[in-house]
Amino acid sequence: MVQKTSADKYNVIFQTKAIDDKIYIKEQKGFYQSIRRYLSVGLMLLFIVTPFIKYQGNKRFYSMLKHRPKSSLLLFLPARFTDFYLPLYYGGLCLVLCRQ
Amino acid sequence: MAAFALFYVASKYGRIWCGFACPQMVWTLLFLWIENRIEGNRQQRIKLDKSKLSIEKLAEKLIKHSIWLTVSLITGLIFMSYFVAAEQIYIDFITLNTTSLITGWVLFFTLCTYVNASWIRDKMCQHMCPYARFQSVMFSDATSTVTYDNQRGESRGPRKLNQVKPQGLGDCVDCNLCVQVCPVGIDIRDGLQYDCINCGLCIDACDETMSKFSYGKELIRFASETEQHNDAKAKYGYIALLLICVGFMASWLHNRSEFEVSVLKDRNALYRVNELGEIENSYQLKILNKSDTKGHFKLSYQGLEGFRIESEKNLIVEPQQISNYTVTLFCRMKAKYINL
């Protein structure tokens with residue numbers, strides 16, 4: 001939990017460290033937690049079975065990556081993560097890394 | 001389609017997607033469930049992390065991370081089954097027969113799942129997710145968000161169970177459970193915050209406490225600033241766009257072709273004239289069979305006089321495979337040009 005002090009409004013930048021401390025979440029039961037759990041199970045099952053779904057005898061959610069170079073746009077995923085990781089720890093690196 | 005559904009939901013219920021259906025949340029919930037079963041409840045986990053390194057602590061951490069990694073690996077395999085044959089990838093991976101490309105991608109997604117759901121968790125929602133940032137533009141006074149009833153709850157203060165409510169105190173007993181159950185670690189009593197993912201866990205925790213004290217529920221609840229209905233134009237606009245997208249999606253699924261053909265001109269020579277006086281052009285024919293059955297293709301042309309094609313007669317492509325064929329096209333030259 002973040003302990004707030006009267007000086008916090010003057011230390012907004014440095015508060016990030018406190019926010020980034022590990023959060024120990026208490027397990028909670030209740031109406032909304034039940035919805036989350038059942039929905040999560042449903043979504044996971046959907047995630048698993050979707051590649052097997054067939055329509056008119058053939059799979060419909062299948063990208064055939066190795067035969068379709070365009071699907072290799074997935075390669076940009078690591079770049080996306082790098083884009084978010086670096087600013088998380090080092091702030092804006094635009095001055096050093098940006099093509100502009 | 002997903003984008004318009006998100007826009008509509010965000011305008012009506014705020015970040016409900018983040019709290020209930022986002023893959024980041026779904027996997028974090030699963031990983032937390034595993035953590036709770038192995039390391040115990042919140043207090044036990046804090047105690048374990050603060051304790052010195054021991055064989056018991058090491059064993060618990062090792063078991064937890066092994067299970068997390070196994071779940072991540074399964075997730076990586078499932079994700080890759082969207083891009084390579086689903087039935088085959090599991091068998092190939094277990095028998096170590098996958099190509100290095102596929103293995104690399106599976107391990108990459110394994111690592112992503114493990115890091116996201118076990119280490120990053122809420123920081124993804126707070127610092128990295130672009131959706132969390134731009135959805136605020138879809139909020140209005142009528143958007144339902146998790147809200148603390150300030151007038152009813154304040155002034156907050158502790159009290160004993162079954163004690164008559166002390167004068168000057170509101171319904172909030174300051175038990176802090178709403179903060180302890182929050183996946184992003186915020187205090188909803190401070191008001192609407194960009195970190196809040198609308199998961200409703202603080203509502204569950206508060207309702208439980210209110211019941212114990214025999215107070216009315218919904219001190220924390222889903223409510224909008226004005227408690228009014230959304231702007232009808234925006235509401236029906238989003239629904240209309242969503243329906244259009246659903247129509248396009250259904251049409252695409254229904255009409256998706258079973259194969260793709262691409263024709264590439266042979267780059268060695270523009271053309272050549274053979275001994276029969278014919279102009280000869282070579283092409284590379286690529287046929288991608290997207291169906292689950294063997295594809296038999298026949299090459300023909302129409303509407304052209306003086307042309308002939310030379311290629312393999314039976315063009316056969318295995319299911320979900322691509323085949324290359326060389327096709328040569330011949331054109332008879334007109335007599336007056338032959339001796340030039």
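Here is a short chat between a student and a tutor about a predicted two-chain model.

Student: Before we start, which ground rules apply to the numbers?
Tutor: This is a predicted model, where local features need pLDDT of at least 70, side-chain atom pairs count only at pLDDT 80 or more, and totals for chains, interfaces and linings use all residues. Residues are numbered from 1 along each chain as its sequence is written, chains are lettered from A in the order in which they are written, and side-chain values use heavy atoms, with hydrogens and water left out.

Student: What is the order of helices and strands along chain A?
Tutor: Helices (H or I, at least four residues) and strands (E, at least two) are DSSP runs, numbered from the N terminus. Chain A has four helices and two strands. Along the sequence they read α-α-β-β-α-α.

Student: What share of chain A is buried?
Tutor: Buried means under 20% relative accessible area, exposed over 50%, and partly exposed in between (1.4 Å probe, protein chains only). Chain A has 100 residues, and the share of them that count as buried is 25%.

Student: How many residues of each chain are in contact across the interface?
Tutor: Contact here means heavy atoms within 4.5 Å. On that basis, the tally is 76 residues of chain B and 54 residues of chain A.

Student: And how much area do chain B and chain A bury between them?
Tutor: The size of an interface is often given as the accessible area lost when the parts come together. Buried area is counted that way (1.4 Å probe), summed over both parts. Carbon and sulfur atoms carry 63% of it, and the total is about 6,200 Å².

Student: Which three residues supply more of the area that chain B buries against chain A than any other three?
Tutor: Together they supply 11% of what chain B buries against chain A. The trio is Tyr82(B), Phe83(B) and Met128(B).

Student: How many salt bridges and polar contacts run between the chains?
Tutor: A salt bridge is a side-chain nitrogen of Lys or Arg within 4 Å of a carboxyl oxygen of Asp or Glu. A polar contact is a pair of N or O atoms within 3.5 Å; within protein, one must be able to donate a hydrogen and the other to accept it, and residues adjacent in sequence count only if both atoms are side-chain atoms. Between chain B and chain A there are two salt bridges, and the residue pairs in polar contact (both at pLDDT 80 or more) number twelve.

Student: Which element gives the largest share of the side of chain B that touches chain A?
Tutor: It covers residues 23–39 of chain B and puts in ten residues. That element is helix α3 of chain B.

Student: Why are the buried residues of α4(B) on the same side?
Tutor: Helix α4 of chain B spans residues 42–50, and its buried residues are Arg42(B), Arg45(B), Ile46(B) and Leu48(B). They sit on the same side of α4(B) because their arc around the axis, taken from the directions from the helix axis to the C-beta atoms, is only 160°. On the other side, the exposed ones are Gln43(B), Lys47(B) and Lys50(B).

Student: What covers the buried residues of α4(B)?
Tutor: Several helices of chain B do, and the cover includes α3, α5 (55–80) and α11 (177–180).

Student: Is Asn274(B) buried or exposed, and what does its side chain reach?
Tutor: Asn274(B) is in the loop between β4 (272–273) and β5 (278–289) of chain B, and at 10% relative accessibility it counts as buried. A polar atom of its side chain lies 2.8 Å from the backbone nitrogen of Glu278(B). The side chain of Asn274(B) also makes a polar contact, at 3.5 Å, with the side chain of Glu280(B).

Student: Which salt-bridge partner does Glu280(B) have?
Tutor: Glu280(B) is buried at 12% relative accessibility, whereas its partner is partly exposed at 47%. The closest N and O atoms are 3.0 Å apart, and the partner is Arg272(B).

Student: Which salt bridges does Arg308(B) make?
Tutor: Arg308(B) is partly exposed at 32% relative accessibility. One bridge, at 2.8 Å, is to Glu278(B), which is buried at 9%. In the other, the closest N and O atoms are 3.4 Å apart, and the partner is Glu310(B).

Notes:
Buried area is the accessible area (1.4 Å probe) that two parts lose on being put together, summed over both.
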